[in-house]
Each structure stands twice: as structure tokens, then as C-alpha cells.
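Trainee: Could you take me slowly through one part of this structure, the run of paired strands, and then show me how other places in the chain can be described in the same careful way?

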Amino acid sequence: MKLRLAQSFCFVLWCSSILTAQTTKAIDVELHDVTLAEALKDLENKSGAHILFDYKDIEAYQVTCRAEGQTFEQVVHAILAGKPFTCKKVRENTYVIQKAGSVPEKYEPDITLSGLVTDSLGQPVDAAVVSVMNAQTGVPFNQGITSEEGTFSLQARGNIQLYVSCLGFTPYLSAPFQAHRDTTFHIRLQSSSIQLDNVIVVGEKQTPSVRIVNGNTVFFPKNSVSLAGSSALDVLKKTPGVLVDGNDNVSIGGRNGVLIIFNGKPTYMKQEELITMLKSMSSATVTSIEIINNPSAQYDAEGSGGIININTQQKRTEGYSFSVNNGVSYWDNVRQNTELAFSYTRNKFSLMGSYHHQFGYYNLDYGMRRIQSGKEYDSPTSDTDKRKTVAGSLDFEYKFNDRNLIGGQLTANALFGPGQTITTTEIRDQAHDKLEQILYAQNDYYMQKGNRYGANVYYVSMPKEGTKYTLDANYAWFDGGSGNLQPNTYRSPGGDIINDYLYKSVNSRNIHIYALAYNQQHKLGKGELKSGIKFSNVHADNGYQFYEIKDNQEIIDATQSNDFTYKEQILAAYVVYSFPLGSKINMELGLRGEQTWSDGRLFTINGLNNEENRRGYLNVFPSVNLNYQITDEQSLAVGYGGRIDRPAYQDLNPFEYLLDELSYWKGNPFLTPQKTHRVTATYTNKRTSVTAAYTYMKDYKAQITDTLSINKVIMTPKNIGKQQQFSITLNQGFHFIPWWEMNVNVVGYYVKKDIAFDSYRRFNKDAFAGIFTLMNTFRLPWKLQLEVNGSYATRRLGASNEKMEPSGYVDLALGRTFLKKRLAVNLALTDLFWTNNWDNYSSFDGFQLWNWGKGESRQIKLNISYRFGKEKSRSHQQNFEELDRL
């Protein structure tokens, strides 16, 4: 059987290689008054050849011609007829269009110019056009293209300049120099946004990569085989230095309190709803994930642990484009995903849309064991998440002219469906290890929803170079809730029923957010001045009804039912000035002020325990960043900034929620904002970067697990003290051989906590820990791409007093593209050894707690995608984040 599978696989590869190698010999074209660029791209699509040219040279020429059954050379001749260009074949199936007469026949070169062309990651750039130009006239007199290894060699002499251009990169032009002897160059190109017809263009290498930009780590999951068909949450989990634990807490290098924004814009959701939205988003929408360790005053002050900016900017296309992806994954359950995207641009108007869904169950196995008041409780849980995720977006943009545009976006992210947890708790006498009774508890979620709807309108004006005005308006509505039946049955060791209870709980969450922001940018002196103002208004309404069902009658429990409303308004303003200090040093100074007004009100059913908590406070946050460009390949960035973490709205609700008969969750109306100061320094040299950081957190906030009576536990958020952390992050890229790329990311940190649950329970804890991430990409024969990726987190301190056990994963993936990279087939096996767990241990006097858990992270995934179109990056970013705390 295995031999048959291997033979079948080889046969499919052989057939596909033959299919993709075939090109059409006879070509038909009919062109009427189209640009020369459009004509050449049309020929490229019909012939399968690669045609390289400079848009600046040919943009002024139009083409009208007709050819039937002609060869490639004949059609090129017809297109270029009467125009000052020639077509030169530089390698098999690759041609360069160059100006006629640019290589004089009598020219006899005597100097060799050779070198290497790479991108900003140090990766070789294939098929870049290298021209030797006369420094006085600007006329090129020799030209060639780089090899697959990015190398070139040309002959020249006299006073010359080198000009290098490649699709997807900003052109490079050297200073004039006199060619006296053979010279070697290393030219580094920077990526740029460009437009092509019916070609998907990405300036950087078409493989996942990590780079350091201005001291920030940026992960590009582009074309990752292992992430194909996954969610945006999966991309976040694979980002170097980022950890997402079993409770979906996100941390950066061991630092909690992370703010997640999208395209510079806040998500308007608290952690639970944010994770829900990330689950509903396709990994294909994620362009990059940027870890901002020390944000400037331009960013909102939220995010004491740092900011994660998920870039999902869609791309505008001239004409139209469409892409579709379908996939299936399996281990315990079958899951199916579909992604659709389109874009249409005509003249000044652009319209873009996307759709994504993921259907299927997802299993989690977790539990806890605790020793409390002489009893031992062992509670494994089987959790089946049956919810579906659906997401969609619609974007438009209209350009009045080159300097003014208006745009908007509509988004919807929905997570809905049933679910079920089954927990069996064995209760023993610890001294004699005697089983006393068993609690069978179940949560039957007959209804669950977590839906977010958003609308955004923006206007951008750039009246002159260096000046920019932006007006941004946002509205978001979160509609969430669940209905849950909770049977709890106590049985004796022999199986007899001791007690039997049936509960029902219904909760709802409606949150409306309005935000308006104005930003401006001007040149001032030798520097640049940015300033802005923002106002946001949040209204959250949370309802919870708890019933006990007896004799088929629902009896509401007034002591455990309530409504909680929360209103918050924030007025923020900032100013940032960046200016040069000499030719190699740039300084950025920033100041941000935020005035907060909040009002939280609790309404109980019986009206006896109503509460109200009003607050108003002003915070000021300075920021300083210094960048020193030591050489072209070396830089040093130093920064300082202050941050704040306001409590999530739901965390302020003081009511108790029943998880089962023995465990509860309760909010805390006395939570105060968590404040942070951070200093960072980053040194970068080519593909190597080292970042050192010191972080001090005041009024440190975490969720703690505490005792409730003699046999129950309660989980609640609390300000528990202060935390200090020192970390060193190393990122190193390797390119050992042309077909193997590797990136290593290592985070080592020391954390010290001075925390207290109350005046009697104080903890002074410190520990060293590390996070290691390894990414490998292999380009194999038959155009196969193999990925071997892994991550390992050592034993470490958790958010409060718990100790986390080591965890990690290893992913394998194999992919291949067909039909000029329009069709992609990817096969992946994630978490090969099923080691991505969240085990931990915590204790204090008279109490010990062990938690463990794993999800269905080990999966086999098959994804097939097809795309076509022409792409061009969007032009606008927004900056709102109130919903991060929903």
C-alpha cells in the first residue's frame, strides 16, 4: 500500500512538472491602443515567458497590433515595431526589453563589475536588472540580470553609475564613479509597493521570514506552507517570542498585558472576544505581525507588555482579482475551511471584499488537581467546541486626486454554535487516600455567540510633500452571550446518588463603541512633527441570569443574577517630533496625555446589593527613541516609554459566576490600571539583531485562584504588587546554501515578582526562563517547498504565583505551486509530538493546585488555493483600541 502511495505521488509530480513546463508555441494577440506595459504582460501570460522591463522607459508608448499563430519572437517584433526598444534573451525563457542602441557595437569593455544583489533580509534577489549607465548622459550602455544566487557580472569603463531595478523593489542608483579596476559590489534593495497585470508580486522572498525593523521584530508568514488554511490566531502562536497559553493569555517574552492592534488600529475587544475574532480570521489575511517593544507617543498608551500589530492590509488592484482557498484538517475531528477574496479597481475607485469560514469540532482535554482542607480533588475535563467561525469584510476607497482620498470598511466576525464540557471530580480524604464521593458536572452550551460588527470611514489629505492630514471615524458593536444547562450530580463510590442539581445560566453582552481621531504631520525645521487628538466613548451592558431547575420549573436565584453596565470616555492627545542629530543619528521625542472618565454600575435582581464605581484620572506618557546608523548594515536603537493597562470591562463586574459546584469566577470593581516603564536597546548587523530590555510594572494585575469556603475555589483578577523583568532577545537569519533558509529567535529573561494576595500571603518569586523558535525552509527538486518549524519554552513563572512547565511544538509542511504560482497545494502536520500543553503548579499555605491541558493542536491539514490578479498595497492606517478590553 505504501509503495502504491509513493508511486502515485511521484506520478502526480511528474505529470505536473510536464504540465507546467509546457508553453504555447503559436500565439494569438489582438491589441488596440493599450500601453506597452499591458501589451508585454499580455504576451507574458500567453507565452509563459518572463519579460523584464523598466516602467519608466516604456510608460509613454501605446501599442496597436494583431497577430495570429505567430511565434514569441514574431509577436515581440510586432509589439516593438516603430519603438526605440529591442528584446534580448538573457537566459532560458527570460527576456529583457532595453532601449535600442544602449549597447554600442564598437564598445570594447576592459573592466569587470561584479557583485551580489540582496533584499533587506540579506536574501538573494533573482532576475534583477543591472544597468551600467554613462554618468554624464544617463544612457545605459551595458545591461544584464542577476542569477538565482543574486549575482551579476558586467563589463564597463569610464565615468559610470550602476542602476539596479527589480519588480517589487525600490530602484537603486549608485553615485558616479570612475571604473579603473575590477570592482565587486553588494547592493541591498528595499521592497516597495508596485502594480502589475495578472501577476502576484511580493518584493521580498516568497517564504516565511523574520526581520528586525527599527528595533521591532516583524514576522512575515507569507506563503507559509504550515500555516495555509489556519486562523490568524495560529499565526500569532507561531510568531517568534510570542506565547499564547491555555487560557488564551498572550505574552511577549514573558510579559503579560499585551495590546493587539490591526493595521495600527485597535480591535475594540477584550481578550476573550479578541481571541474569538482571531479564530474567525484566515491566516491568508495576515501580511505581517510586528512586535513593538517600546511604542512612541503616537500609539495609544495601552499595552504594558508591548504592542502586537497584526497587519492585514488588503491590496488594491487595477482591474480585478480573485482568490479562493479550500482546505481540510483532521486528527480527532474533521474541520473544513474556505477563503474567498476579490478586488476591483477602475480609475479612482477601488472595492475589495473577503469571506472566510471554518466548520468542524475542536477537542480540548484539561483539568486540575488540588489539595485543600485535607481533601484532594481530581477534576479532568473533556471539552468539545462545536462553534463555527465566519468572517467577512468589504472595503472601498475613492481618490479625488493624487493628494486627497476617502475610504471605508465594513467588517463582520462571527463565532456561534453549541459546545459541551464534561468534568468528573473525584473527592478523596488525603490522609487515607479514600474516595468519598464523585461529582459529575456538565456544561451543555445550547447557545453561544460572539459577533463583532464594525464600520470605519476615513479621509486623507496630502496637500504638499511632508504634510498629511487624516480624519478617522469608527463604530463597533459586539453582540455576545451564551445559554448553558449545568447538571451537577454527586455520587457515592458505589454509584448511589447523594445530591442532584440542575442549573441554567443565561448571559448577554452588548457593547457599543464610538471613536473619532484626527492626525496631522508636518515638516518642521530639519525634522518632522506629528500630532493628533482622539475621543472614544464606550457603553457596555452585561446581563447574567442564574436559575435552579426543580420539577421542570426555572427558579431564578436573585443572589447570583445581575446586570452590569460600564461607560468609559477617553480624550487623548499626542505630539511627536523626530529630527536628525548629524548624518547618522535620529532622535524622536514624544508626549501623550490621556484623560479617562469611567462609571461602572451593578444592578442586582433584588436591588439589595447595587453598587456604583466612578473614576476620573489623567495620565501623561513620555517617549524617547534614538536611532544611530553606524554603517549601512549596522544600527543601534535605544528607547524609553511609559504604558498603562486599564481593566477589562467584564473584570470590573463583582458578581460570582458558577463554573461548576466547586469552582467560581468573580470580577473585581476595585481593579486599578497597571502602569509600566520600559527601556530597550537594539543592535542590528545584517541578519543579526540583539535586543536588551528592562521593564518595571507597578500595580501589577493578574488572575489568581483562591479558596472559597473549605471545599471550593474562586478565580478573580487582582492588583497583586510589582514585577521587574530583564530580557535579551537574539534573532539570527542564516542562508547556508541557496536552497536552505533558517531563522533562529531566542528570548532569555529574568523576572522578579514582589506580590501579595493579601496581608498574610506574600510571595517573592524570581526565575530565569527562555523561549526558542526555529524556522527552516528548504527548496527541493520539482519546485517543492519543505518547512520544518519548532518552538520550545522552558519552565517559567506564570502570571501570578504559578510555575509553568515546559511546552513547545514541531511542525512539518510540504507544498508545491503550479500554473506560474497561481495554484498552490500544501500538506502539513502540526504539533508532531503533541507537546503544546499548558501545565502549571501553584501553592500557598494549606492549598496546592496543579493544572494541565492540551488542545487538538496535532492535525493533518491539506489546503488547495488558486489566485490571480494584480496587486498594490493600501494607503491608510488607523489607531483605535478601546475594544481590546471588552
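Mentor: Two strands are said to pair if DSSP finds at least two bridges between them. With that in mind, and remembering that this is a predicted model, look at strand S43 (residues 712–737) and strand S44 (residues 740–756), which run antiparallel and are joined by 15 bridges. The chain passes from S43 to S44 through a hairpin of two residues, and in this pair Gly733 stands opposite Asn743 of S44. S44 also pairs with strand S45 (residues 762–780), again in the antiparallel sense, here over 17 bridges. The hairpin that joins S44 to S45 has five residues, and if you look for Val747, you will find that its bridge partner in S45 is Ile771. In a regular strand the side chains alternate between the two faces of the sheet.

Now set beside this a sheet from another part of the chain, where three strands form an open sheet in the order S9-S6-S13 with mixed pairing. The edge strands are strand S9 (151–156) and strand S13 (183–188), each of which pairs on one side only. Neighbouring strands of this sheet are turned against each other by 25 degrees on average, direction ignored. Strand S6 (residues 111–118) pairs with S13 in the parallel sense over six bridges, and Ser114 has Thr184 in S13 as its bridge partner.

Strands can also be followed out to the surface, where a nonpolar patch of about 1000 Å² is made by residues including Phe396, Tyr398, Phe400, Tyr518, Phe535 and Trp597. Strand S27 (388–401), strand S32 (497–524) and strand S33 (527–550) each supply at least two residues of the patch, and S27 gives the most, with three residues. Tyr398 has its place in S27, and this residue counts as partly exposed because its relative accessibility is 33%.

As a last stop, consider Asn851, which lies in strand S52 (residues 847–855). Asn851 counts as partly exposed because its relative accessibility is 21%, and buried would mean under 20%. Leaving aside residues up to four places away in sequence, Asn851 touches Gly367, Met368, Trp838, Asp839 and Asn840. The C-alpha atoms of Asn851 and Arg370 are separated by 8.6 Å, although these two residues are 481 residues apart along the chain.

Technical notes: Residues are numbered from 1 along each chain as its sequence is written. This is a predicted model: local features need pLDDT of at least 70, side-chain atom pairs count only at pLDDT 80 or more; totals for chains, interfaces and linings use all residues. Side-chain values use heavy atoms; hydrogens and water are left out. Patches are made of residues with over 30% relative accessible area and no salt bridge: like charges are joined within 9 Å, nonpolar side chains (Val, Leu, Ile, Met, Phe, Trp, Tyr) within 5 Å. Accessible areas come from the Shrake-Rupley method with a 1.4 Å probe; for residues, only the protein chains shown count as cover. A salt bridge is a side-chain nitrogen of Lys or Arg within 4 Å of a carboxyl oxygen of Asp or Glu. Helices (H or I, at least four residues) and strands (E, at least two) are DSSP runs, numbered from the N terminus. Buried means under 20% relative accessible area, exposed over 50%, partly exposed in between (1.4 Å probe, protein chains only). Contact means heavy atoms within 4.5 Å. Axes are lines fitted to C-alpha atoms, for helices over the stretch in contact, and angles run from 0 to 180 degrees between N-to-C directions.
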